[in-house]
Each structure stands twice: as C-alpha cells, then as structure tokens.
Amino acid sequence: MASTEFLHGTRLRAAFDSPEGILAAVRALRAEGHRVLDTYTPFPVHGMDEAMELRPSRLPRACLGFGLLGLALAVALQVWTSAFDYPLRVGGKPLAAIPAFIPVTFELTVLLAGLGVVASLFVVAGLRPRFRVPDLHPGANDDRFVLACEVLAGSNPEDVATRLEGMGATGVALLVDDRLARADSFWERKAGPGIYLLAALPAAAVLGLLALLNRDYHFRNLSWDGGMGAQVSAASFDASGVLPGGTVLQPPPRGTVPRDGLAPLGFGPGKEEAARAGRELQNPFQPTQANFNRGRQVYERACAACHGKDGDNNAPIVTERKAFSPSILVSKKVVDQPDGYLFHVATFGGPEKMRGLGDLIGREDRWKVVLYLRELQKAAAPRPPSPPAAPPAAPAPGAKP
Amino acid sequence: MAPEGTAHALPGALEPGVDPHYGHVLPLIDGNKSYAQVTEEVFSTTERRPPLRWWLAFAAAFAMLLLGVWAVSQTIRLGIGTWGLNRTVGWAFDITNFVFWVGIGHAGTLISAILFLFRQQWRTSINRAAEAMTIFAVMCAATFPIIHMGRPWLAFWPLPYPNDRGPLWVNFKSPLLWDVFAISTYFTISLTFWYIGLVPDLATMRDRARTRVRKAVFSILSLGWNGSNRTWSRYETVYMLLAGLSTPLVVSVHTIVSMDFATSVIPGWHATIFPPYFVVGAVFSGFAMVLTLMIIARKVMGLEDYITARHLEAMTKVIIATGMIVGMAYATEFFIAWYSGNPFEKYVFLNRALGPYQWAYWSMVACNVLSPQFFWFKKVRTTPWMIFVLSIFVNIGMWFERFVIIVTSLHRDYLPSSWALYRPTFIEVATFIGSFGLFFTCFLVFTRLLPVIAASEVKGVLKHGQH
C-alpha cells in the first residue's frame with residue numbers, strides 16, 4: 001500500500017461503545033481502502049491485531065536475548081569469582097562446581113530476561129513518564145473504543161463519517177494531529193546541541209576534579225566501610241605512633257597485683273635494688289633438663305629477639321637495623337653478675353635501655369631463663385685446653401644446637 | 001488481559017438438570033455492569049477519604065507494626081541474645097517466620113502467572129490484590145534473615161560486588177546465598193509484574209485525577225499510556241512472557257528455600273522430598289492467606305460483585321488439593337524415616353509426634369490435614385464465614401509446619417549431650433506480630449491508593465458468558 005497517498009489525507013476519529021462495534025468498523029474501513037492508524041481501547045480487543053494486520057511482536061526475541069545474557073553473566077561471574085579470583089575449596093567440591101551454580105544462574109537468567117523485556121517494551125512502545133500524553137482520546141481508558149483513521153485520498157471524509165455513524169460510532173470528528181501543538185513541550189522537544197553541552201558539564205567537572213585533586217594513587221580512594229584492606233600496616237620494629245614513647249607494649253599500671261599467687265617480690269626497680277637482689281636472692285631451681293628446656297623456650301621467645309639466640313647479640317634488630325646494642329649476655333661482664341642481679345634485670349629492666357619484663361614473663365620462668373643463660377655462657381666460654389680424648393666441640397650438658 | 005480464545009474458567013458445559021446457579025456458567029462478575037460502572041466502582045475508592053472502619057483497621061495494624069519496630073530495634077541494639085536461640089537451636093522463630101511469609105507470597109504469583117497461563121479467567125478479580133500480597137509478604141519475609149544477621153547494616157555483604165575486603169567473593173555453593181538471589185529476584189520480578197499490570201489502570205487514574213498532585217503522580221507512573229492497540233499488542237506479549245518467567249521462578253524460590261534445609265545433614269531436614277513438599281505447602285498457605293484477605297476486603301470494601309462466591313469456591317478447591325498433597329508428604333516423611341533404617345531419622349520423627357513439641361506437631365496435622373476436609377461440602381465452600389475460619393486454621397497450621405520442621409529437627413539431633421529446648425522470648429513474638437503489622441499496614445494503604453481490582457482485566461471478561 002502506498003503510504004505517500006495518505007500523507008495529507010483527512011484524519012477522522014470515531015468512538016464506539018463496544019469492542020464488537022469497533023472491530024466491525026475497522027474491518028469495514030480497511031476493506032474500503034482507508035487506513036486505520038490505531039485504535040484506543042480500555043482493554044485489548046481480541047481480533048484487532050488480525051483486523052489491523054499487525055505483525056506479531058518481536059519482543060520474545062528480546063526476552064530470549066536478555067535471558068541468554070543473564071545466563072552468560074551468571075556463569076561467568078560464578079566461575080570467575082569461585083575458581084579464579086578467589087579460589088576457595090568448599091566441602092571438597094570442585095572450584096567451578098557447575099551443579100551448585102545452577103540456582104543462581106537460573107535466578108539471574110529470569111531476572112535479566114524479565115527486566116530486559118520490560119525495558120524493551122518501554123523503549124519500543126515509547127512508554128515513559130509523560131505530562132502530555134500523545135493521542136489521548138477521552139474515555140479510551142474508561143469505556144470508549146476509539147479508532148483513528150486516514151481517509152483514502154479521493155473519497156469524501158463526510159461520507160466516511162456518515163458511514164461510521166451508521167456503524168454505531170458516536171463522536172465522529174476530524175482528528176487534528178496534536179503533535180504540532182505539542183512541539184513546545186519541554187519533555188517532547190528534540191534535544192539540540194545544548195543538551196549535550198549540558199550533559200558534558202558534570203562529566204567535565206568530575207574529570208577536572210580528578211585531575212586537580214592531589215591524589216595518592218597508592219591508596220584506595222573509594223571505600224565502603226574503611227575496611228581492613230585499606231589500613232596502614234606497620235613494619236616489624238616500627239615505633240608505635242599511638243602509644244607514648246613509641247613502644248607497643250606498655251607496663252601495667254602501678255599497683256597491679258600479679259595473678260600467679262606468689263608473695264610480693266620485695267624489691268623495687270633501680271641499681272641499688274639490683275645489687276641487693278644479687279646479694280640476697282638465690283635461684284630456687286636446680287639445673288634439671290626440664291627447667292633447662294623451659295628456660296630455653298622462654299629465652300628464645302622473650303630475650304632472643306634482641307640478645308640473640310646464643311646471647312651474642314646476633315639478632316636482626318641489632319645486626320641489621322642497628323637500633324641499639326644490648327649487653328652481650330655471654331660477655332664476662334654479665335657472666336660475673338650473680339643470679340639474683342640477672343633476675344632483677346629481667347624483672348625491672350636493665351641499667352640502660354632494657355625494659356622490665358616482669359609483667360610478661362612469670363617469676364618462675366624468669367629464674368629458669370637465668371638458669372638457661374648460665375648454660376649459654378658456659379657453652380660460649382673459651383674452652384680450657386682439653387685432653388685430646390675429649391670430643392672437640394662437646395656442647396654444654398643438655399645444650400642443643 | 002485475558003488471553004484470547006479462552007475456554008470457560010471451569011470445564012464442562014451447562015447440562016440439563018444442572019443447577020444453573022452453580023458452576024462455570026455464572027458470569028465472572030456479578031451485577032451485569034457496564035464498563036463505566038466498573039471504572040467508577042473500582043477507582044472511586046481511591047479518590048474518597050477512607051471510612052472509619054478503615055482507620056480502625058489501620059490503627060490496629062500500625063500499632064502492631066510499631067510493636068515490631070520496637071522489637072527489632074531492641075534486637076539490633078542488644079543483639080540476637082534477646083532471642084531464645086541457643087547453641088543447639090540456632091534457627092527457630094526467625095526462619096520459621098521467613099519461610100511462612102515467603103510461602104504466603106507464592107499464591108500471588110500463582111494466581112497472577114500460573115492461572116494466567118492456564119487461562120483461568122476467574123483470576124482477574126483477585127490477581128491485583130494477590131500480587132500486592134506477594135510483594136508485602138516478601139518484604140516481611142526478608143526482614144527476618146536480615147535482622148538475624150545481627151549486624152543488619154552490613155546486609156549488603158552477601159551481594160557479589162567488587163569490595164575492598166580482598167575482594168572477598170561470596171560462596172556461590174551455599175544455599176543461603178542461593179536464597180539471597182532467589183528472594184531478591186522474586187521480589188524484583190513480582191514488583192515488575194505488578195507494576196506492568198497496573199499501568200493501564202494508572203492511566204485511568206491519571207485521566208480521572210482532579211488535583212494537580214494526583215495528575216502529576218499518575219502521569220509519571222502511567223508512562224503516557226493511551227490504550228493504543230499497538231501498545232496493547234506488545235503489552236500482552238510482555239505480560240505473557242513475564243507470566244512464563246514467573247511460573248518457574250516461583251517454583252525455584254521455594255525449592256531454594258527448602259534447600260536451605262535439605263542440603264544440610266540434620267535428620268529431619270536432609271530429605272529429597274523437601275522441594276516439592278515446600279512448594280505445595282507454599283501454595284497451600286498462600287491461598288489460605290489470599291482467602292483470608294479477600295473475604296475481609298470484599299466485605300469491607302463492598303466488592304462482593306467482583307470477588308464472588310465463585311472465586312472463593314475455586315480457591316477452596318486449590319486448598320483442598322494442596323492440603324492433601326501436604327498431608328501425603330507428612331505421611332511420606334514418616335514412611336521414609338522408617339524405611340531408611342536410619343536411627344537418627346527415625347528418632348526425629350518419633351520425637352516430632354511424641355516428644356516435647358508434640359503439641360506443635362498435632363496442631364499442624366489438625367489444621368493442615370483435617371481442617372481442609374470440610375471443603376468437601378459445597379455448603380462450606382460457598383459460605384464466606386466458614387471459608388474464613390478454615391483459612392485461618394490453615395494459616396496457623398502452615399506456620400506450625402515450618403516451626404515443627406525447623407525446631408524439632410534441630411533440638412535433638414545426633415549428640416544427646418547437645419539436646420536442648422527452645423522457647424521464644426517476648427522480643428521474638430513481638431517481631432512476629434510486627435511482621436503482621438507491616439503486612440496489614442502496607443495492604444491497607446494499598447487498598448486506598450491503588451485500584452484493588454484490575455479494572456482493565458475485569459472489563460475484558462465482563463461480558464463473559466453473555467456472548
């Protein structure tokens with residue numbers, strides 16, 4: 001059918017009060033060669049698609065396409081996150097456990113198919129919020145069945161109108177294309193170049209801000225919750241920026257009572273007290289294998305970090321970072337100190353930098369450390385010339401490499 | 001949108017001697033109305049001020065909602081310790097209520113989608129309200145797992161988005177995560193389906209609007225709808241597609257909910273019968289809730305001509321069918337427990353029927369298996385107050401079913417030293433009451449703001465049986 005023929009034809013509108021009436025009118029008009037532009041009805045009139053010879057909608061294809069997209073996205077998301085980006089074995093199942101992915105795949109397929117086909121409907125049918133509705137005929141959403149037609153060029157519109165009235169139409173009228181009247185509506189206006197400029201402004205503002213802001217790209221700038229991934233981490237042996245003095249471990253508050261149930265020590269910090277401890281205290285533990293082992297365990301945990309595993313200051317903090325130089329425990333100066341003095345230093349701290357560890361190491365363990373230290377010193381002492389029968393590098397009793 | 005070429009709602013033709021006032025030959029809508037009359041009756045309720053009885057109902061519902069808000073705020077402020085859960089029974093009231101509400105929602109989708117595909121035209125009067133019920137029920141359901149998380153402000157963590165925790169991705173092999181996807185997809189698609197169904201009616205509201213605000217609001221919502229046949233043609237295609245998508249979706253949702261239980265190794269949960277058993281139970285409870293709501297709504301809003309005795313009767317038939325399937329499932333569970341030879345399984349089921357929660361078990365059996373049997377009588381099927389009473393029993397029974405499945409399976413499983421009892425605290429009961437408050441508040445607001453009857457669909461079946 002040559003559509004140009006209708007371009008300037010007269011348009012008519014006719015309202016009917018039943019679906020049967022409008023259906024008959026549409027069939028009759030089309031049989032006579034007039035063009036039915038559209039019908040406007042309160043509910044879908046069945047048979048109208050055939051009468052108007054509308055093609056079946058292709059929206060099912062859109063639905064299928066969006067569904068397949070959802071399926072592909074779901075499979076990709078699950079396989080990539082579970083097997084590649086964060087491979088975590090759960091319940092001994094394979095990383096890409098396809099049967100376990102079926103439910104989420106199904107849900108996302110349905111979600112995208114449903115939302116996609118509805119969005120397609122909105123686009124194809126031009127459904128969007130409108131304050132001026134095009135082709136809105138009075139009563140078409142209530143009880144009127146309205147048709148809009150274009151009269152075949154050469155026939156008299158008044159004859160057609162009379163014929164429509166004969167078929168039961170009420171309110172037959174010339175149809176003015178209100179699209180012309182609507183041209184000044186803001187919502188209907190065609191977007192000119194200005195609109196692109198307007199849209200470009202926020203984008204330019206964001207880009208400008210990004211360029212101007214002095215960003216440190218080593219850190220994440222977007223954080224949902226200031227989570228653990230973005231925190232500043234401290235290197236070992238760094239000074240604490242939080243606690244006074246830069247130390248991480250703080251001494252307990254004054255007057256703190258130990259929970260080990262032992263009587264008070266009866267000594268305070270200071271050089272005089274240390275000397276007094278050296279005079280008055282004896283190591284209550286015998287050098288048995290068990291005490292030795294415990295002493296070694298505690299020494300290697302608490303002391304070796306600074307004093308070195310063998311008491312010779314061979315510890316990274318001394319040899320590499322050169323933070324300080326502790327007393328060399330196997331030196332003669334320390335060897336000559338009595339047990340009680342060493343116990344006091346372990347408890348209250350040394351004459352120089354060493355911090356007291358009485359709050360960290362139990363009293364008995366401190367004595368056992370002293371016991372172990374004595375063995376270290378024996379092992380390190382320059383050996384007197386030995387009889388040739390003795391093995392050349394016999395370790396101290398009980399000491400192990 | 002009645003699909004064309006439809007058969008009558010119920011099969012069979014008018015035979016000589018058949019009671020002409022009974023069965024399919026009655027028109028779907030009573031009162032021999034005109035199209036304009038339907039428009040006036042459906043939409044005028046949204047344009048008037050609500051009557052006193054609406055305000056009374058709203059006040060009651062809102063008071064319940066406030067109680068629930070208080071209970072939830074206590075839970076969030078003080079933690080899950082305000083609930084009666086313990087190490088043994090870690091799921092109880094909360095998950096019971098979750099499954100209960102999700103199940104309620106399923107009838108809405110069933111009516112809007114499955115009955116549409118089966119061309120059951122009687123659905124047109126009730127589908128709008130039933131779909132609204134779905135949406136509000138899913139909202140109630142989602143509340144419970146979210147507050148059970150303990151830190152509900154982190155409830156977005158189950159979503160797989162690129163995060164700054166690693167990125168730490170979610171475990172797609174977990175049924176609890178499947179639940180997140182199932183419920184959120186279900187909610188989204190139900191809302192979309194509901195909205196799509198509303199668009200033609202929203203256009204009528206726009207055309208009828210007298211105030212500027214109403215005009216503006218409904219202009220936005222009705223998307224420039226003008227009733228064009230070209231649009232109707234596409235719209236019906238999309239509506240059919242959405243119905244086709246929703247039908248497997250609704251089955252998948254309760255299947256996945258049942259997998260929360262069935263994929264565990266707890267005796268009483270670890271059963272392959274769970275997916276169909278849960279889906280049928282959901283339809284059963286959902287139809288009971290639709291009946292409860294519709295019987296109230298038709299009375300309060302004067303919609304007896306639209307929601308006729310015939311609609312109620314059709315729904316009671318669904319209730320009796322699904323109720324018997326549910327009863328069959330109860331029997332099958334016992335049979336399999338015995339037939340499996342698994343002593344733990346056997347114990348759980350004996351404990352259900354004879355143990356400390358036997359009162360819950362037998363309440364469930366009485367409400368779900370025995371009470372629907374009254375629907376064999378036509379007198380009961382066509383008397384609204386009797387249907388109402390029985391629908392309440394089914395609601396109660398289906399709540400107990402979920403309670404029985406969850407609590408009796410957990411409270412005594414493999415290790416007798418871990419056996420414990422559960423009893424809800426006041427906070428939990430108040431939260432449950434609050435969920436009813438949320439549901440009824442939303443529903444009551446809906447009945448005043450939007451057309452409860454899908455007018456454009458009802459007009460399509462108005463002359464049903466007259467030509």
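How many salt bridges does the rule find across the interface of chain B and chain A? There is one, a salt bridge being a side-chain nitrogen of Lys or Arg within 4 Å of a carboxyl oxygen of Asp or Glu.

## About the model

This is a predicted model, where local features need pLDDT of at least 70, side-chain atom pairs count only at pLDDT 80 or more, and totals for chains, interfaces and linings use all residues. Residues are numbered from 1 along each chain as its sequence is written, chains are lettered from A and ligands numbered from 1 in the order in which they are written, and side-chain values use heavy atoms, leaving out hydrogens and water.

## Where the chains meet

So who makes that salt bridge? A:Asp38 pairs up with B:Arg230, and their closest N and O atoms are 3.8 Å apart.

Looking wider, 61 residues of chain B are in contact with 73 residues of chain A (contact means heavy atoms within 4.5 Å). Together the two chains bury about 5800 Å², with 66% of it on carbon and sulfur atoms; buried area is the accessible area (1.4 Å probe) that two parts lose on being put together, summed over both. B:Asp164, B:Lys173 and B:Asn229 supply 14% of the area that chain B buries against chain A, more than any other three residues.

## Polar contacts and helices

Between chain B and chain A, 20 residue pairs are in polar contact, both residues at pLDDT 80 or more. That term means a pair of N or O atoms within 3.5 Å; within protein, one must be able to donate a hydrogen and the other to accept it, and residues adjacent in sequence count only if both atoms are side-chain atoms.

On the side of chain B that touches chain A, helix 7 of chain B gives the most, with 17 residues (helices are DSSP runs of H or I, at least four residues, numbered from the N terminus).

Note on methods. Helices (H or I, at least four residues) and strands (E, at least two) are DSSP runs, numbered from the N terminus.
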